[in-house]
Amino acid sequence: MQPLKYKLEPGQKLDPNEFILKGFEDLEISTQIVIRDALNLGLEVEVLDRPSHFIRLKGQGITRLVKEASKTELDSYMTFLVMENKTITKRILEESNILVPRGTAVSDLNTGLEFLNKNSDRKMVVKPVTTNFGIGISILPPSSSQEEKKKALEIALGFSETAIVEEFAEGNEYRFLVIGDECVAVCNRIPANVTGDGKKNIRELIEEKNSDPRRGVGHVTPLEKIRLDDTELSVLEESGRSPESIPSAGEIVFVRKNSNISTGGDSVDVTDIAHSSYKKLAVQAAKAVEAKICGVDIIVKDLEVEGDYRILELNFNPVLYIHNYPYTGKNRKVGEKILNVLGYSS
């Protein structure tokens with residue numbers, strides 16, 4: 001079966017602000033962004049394998065393969081393996097004099113419990129050595145019970161042979177997108193939440209927020225729908241609430257602890273206010289692992305002022321849609337930046 005080829009007629013342009021690309025609705029939205037921008041550059045796009053979001057770009061004397069929007073030949077397989085393994089990533093960053101949370105890697109329950117017990121006065125994070133979208137991550141407050149520690153380790157080790165146990169870095173987490181030698185966008189990802197109006201209960205507020213056409217399921221829209229599964233119900237229970245609780249007007253209620261967009265979080269563009277020192281740091285971190293396209297997650301206390309920070313992880317397949325179609329903020333047109341680093345001129 002021959003791959004389908006697409007190319008726009010001379011003078012034809014696609015609207016970059018329409019987040020759903022007609023004819024490509026089944027593809028993840030980051031791939032749709034690259035396809036739209038490539039077509040607008042006059043390139044030919046071949047969809048080689050739709051289920052794996054694998055495309056080929058042709059034009060301007062250049063042919064490039066692209067998978068899932070940000071996996072390209074510019075990054076080696078070893079770079080991918082390094083970023084996939086959080087223990088190795090931390091070591092390489094430390095060797096480059098870049099600050100990361102202090103912690104250790106464990107491969108069994110007892111070793112993990114021993115380390116957590118030695119740091120029982122601190123807020124700690126337990127996560128699989130390989131994870132994406134916040135899967136398998138637990139946050140333990142000071143003086144957590146042995147049962148809570150054991151459960152967190154079992155969850156992490158259920159996803160990976162090794163778990164990372166480290167201090168919780170205080171501050172706000174931001175995603176810095178590095179493409180080539182530049183930090184092209186910065187996004188604040190806020191955990192899934194609703195704002196009360198004094199009338200509707202939490203379930204109703206979630207339904208109302210989910211009615212936004214930008215929210216869907218499966219990364220084919222800029223934002224994901226907020227769910228009310230076991231994790232969300234547990235977070236509500238911890239705060240003494242239930243889905244039927246009615247928040248007061250203006251009160252923000254979080255139903256998730258992790259800030260991933262994939263679990264219903266909000267994306268807020270903060271590129272213009274991020275201090276240049278953090279942007280330079282993100283580029284330095286990407287270069288340390290020889291990555292050309294990289295999502296750098298940094299915890300800082302004040303984004304607008306140079307100061308204390310910790311790099312949490314590097315992401316080898318960063319999503320683009322949080323920067324092009326944020327919940328609030330500017331479209332950073334990062335698909336165009338990827339095409340530029342691939343050698344295509346605008």
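**Note on a predicted structure: sheet, enclosed strand and cavities**

1. Helix H5 (residues 146-159) lies across S6, S7, S8 and S9, running at about 25° to S7. Helices (H or I, at least four residues) and strands (E, at least two) are DSSP runs, numbered from the N terminus. Axes are lines fitted to C-alpha atoms, for helices over the stretch in contact (heavy atoms within 4.5 Å), and angles run from 0 to 180 degrees between N-to-C directions.

2. The model is predicted: local features need pLDDT of at least 70, side-chain atom pairs count only at pLDDT 80 or more, and totals for chains, interfaces and linings use all residues. Residues are numbered from 1 along each chain as its sequence is written, and side-chain values use heavy atoms, with hydrogens and water left out.

3. The strands beneath H5 belong to an open, antiparallel sheet of four strands, in the order S6-S9-S7-S8. Strands count as paired if DSSP finds at least two bridges between them. Strand S6 (103-106) and strand S8 (138-140) are the edges, each pairing on one side only. On average, neighbouring strands are turned by 20° against each other, direction ignored.

4. S6 and strand S9 (residues 163-167) run antiparallel and are joined by four bridges. Glycine 103 stands opposite glutamate 166 in S9. Helix H3 (residues 86-95) also lies across S6, strand S7 (124-128) and S9, at about 45° to S9.

5. Strand S17 (residues 293-300) is largely enclosed by the rest of the structure, because eight of its eight residues are buried (under 20% relative accessible area, 1.4 Å probe, protein chains only). In a regular strand the side chains alternate between the two faces of the sheet. Here Ile293, Gly295, Asp297 and Ile299 point one way, and Cys294, Val296, Ile298 and Val300 the other.

6. S17 pairs in the antiparallel sense with strand S10 (residues 172-179) over eight bridges, and with strand S18 (residues 309-315) over six. Valine 178 stands opposite cysteine 294 in S17, while aspartate 297 has glutamate 313 in S18 as its bridge partner.

7. The largest cavity (a set of points on a 1 Å grid over the protein atoms alone where a 1.4 Å probe fits but cannot get out) is lined by residues with an atom within 4 Å of a point, including Leu116, Arg122 and Lys149. Helix H1 (residues 29-40) gives the most to the lining of the second largest cavity, with three residues.

Definitions and conventions
Buried < 20%, exposed > 50% of the residue type's maximum accessible area, 1.4 Å probe, protein only. 1 Å grid on protein atoms, 1.4 Å probe; cavity = no way out; pocket = protein on both sides within 12 Å on 5 of 7 lines; lining within 4 Å.
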